Amino acid sequence: MNKWLFSGITAALLMASACNSEGSLEEETEQDTSNENETEYETVLEEEEREEGTFSIYERFTDVTANADGPVEMTINQIDVGMADLEGFVAATTGDETIDYVEMMITIENSSDESMYVPYGEASLKANTGEAVETASLVLSDDIEPHFEEGDTKEVRLLFPLESIQGVNKLTLTMNGPSTDLGGDQLSEEIELSFKLAS
């Protein structure tokens, strides 16, 4: 009797142990799969000293195939992913001493035959990590006149502060289409540009 009881307990323990190992293995596999496509930024590629502070660039992407056609042609020429140590007025204004960021250099051209307002400063950014930024930083982005005369071409730098750049490998930039003037009739649909970041 005791012999059968002992055998039953041993078998039950072995089965429980096997189930736990199987569960752990499944859990590890799930974690491996979820991290498979994540990009980790660790090595500083370049440092830039600016009036606002020190900007450490971890990755720079210049081969970006993202553009929009229409009355306004937009091309993203460069994307920097990095971290900045802010100083002075900007640090006091934003309340942040250190930020992670995505910075874009965008060429905007009015290819129509009339002047228009391009709301580039109201663009929003969403990352594959789920983080979304409603507008670019006013104090860390270029302040370029948003009114474009016929044939005007301007380059603008937009900086989006993020909670974290770790794992960011896909971005979507969204903004309203151009209008006849501030608050005027919109001349095209919303502009949306999506692109993957690949070294």
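**Exercise 1. Find which side chains Arg50 and Glu103 bring together, and decide whether each residue is buried or exposed.**

Step 1. The side chains of Arg50 and Glu103 meet in a salt bridge, with 3.0 Å from N to O; the term stands for a side-chain nitrogen of Lys or Arg within 4 Å of a carboxyl oxygen of Asp or Glu.

Step 2. Because Arg50 belongs to strand β1 and Glu103 to strand β5 (residues 98-110), the pair ties together parts that are 53 residues apart in sequence. Strands here (E, at least two residues), like helices (H or I, at least four residues), are DSSP runs numbered from the N terminus.

Step 3. Arg50 is buried at a relative accessible area of 16%, and Glu103 is likewise buried, at 4%. Buried means under 20% relative accessible area, exposed means over 50%, and partly exposed lies in between, with a 1.4 Å probe and protein chains only.

Before going on, note that this is a predicted model, in which local features need pLDDT of at least 70 and side-chain atom pairs count only at pLDDT 80 or more, whereas totals for chains, interfaces and linings use all residues. Residues are numbered from 1 along each chain as its sequence is written, and side-chain values use heavy atoms, with hydrogens and water left out.

**Exercise 2. Describe how β1 and β2 are joined, and place Glu48 and Arg60 in that arrangement.**

Step 1. β1 and β2 run antiparallel and are joined by five bridges; two strands pair if DSSP finds at least two bridges between them. The two strands form a hairpin, with two residues between them.

Step 2. Glu48 has Phe55 in β2 as its bridge partner.

Step 3. The side chain of Glu48 forms a salt bridge with Arg60, whose closest N and O atoms are 3.4 Å apart. This pair links distant parts of the chain, with Glu48 in strand β1 (residues 46-50) and Arg60 in strand β2 (residues 53-61), 12 residues apart.

Step 4. Arg60 counts as partly exposed because its relative accessibility is 27%.

**Exercise 3. Locate the salt bridge of Arg157 and Asp142, and state which network includes these residues.**

Step 1. The closest N and O atoms of Arg157 and Asp142 are 3.6 Å apart, and the two residues form a salt bridge. Arg157 is in strand β10 (residues 153-162) and Asp142 is in the loop between β8 and β9, so that the pair links distant parts of the chain, 15 residues apart.

Step 2. Arg157 is partly exposed, with a relative accessible area of 23%, and Asp142 counts as partly exposed at 24%.

Step 3. Both residues belong to a network of salt bridges that links Glu46, Glu48, Arg50, Arg60, Asp80, Glu103, Asp142 and Arg157. The count of salt bridges in the model comes to seven.

**Exercise 4. Give the strand order of the open sheet of four strands, and explain why β8 and β12 each have one side without a neighbour.**

Step 1. The order is β8-β7-β11-β12, with antiparallel pairing.

Step 2. β8 and β12 (191-196) stand at the edges and each has a single partner strand, so one side of each is left without a neighbour in the sheet.

Step 3. Strand β11 (residues 170-175) and β12 run antiparallel and are joined by six bridges, and Thr174 stands opposite Glu192 in β12.
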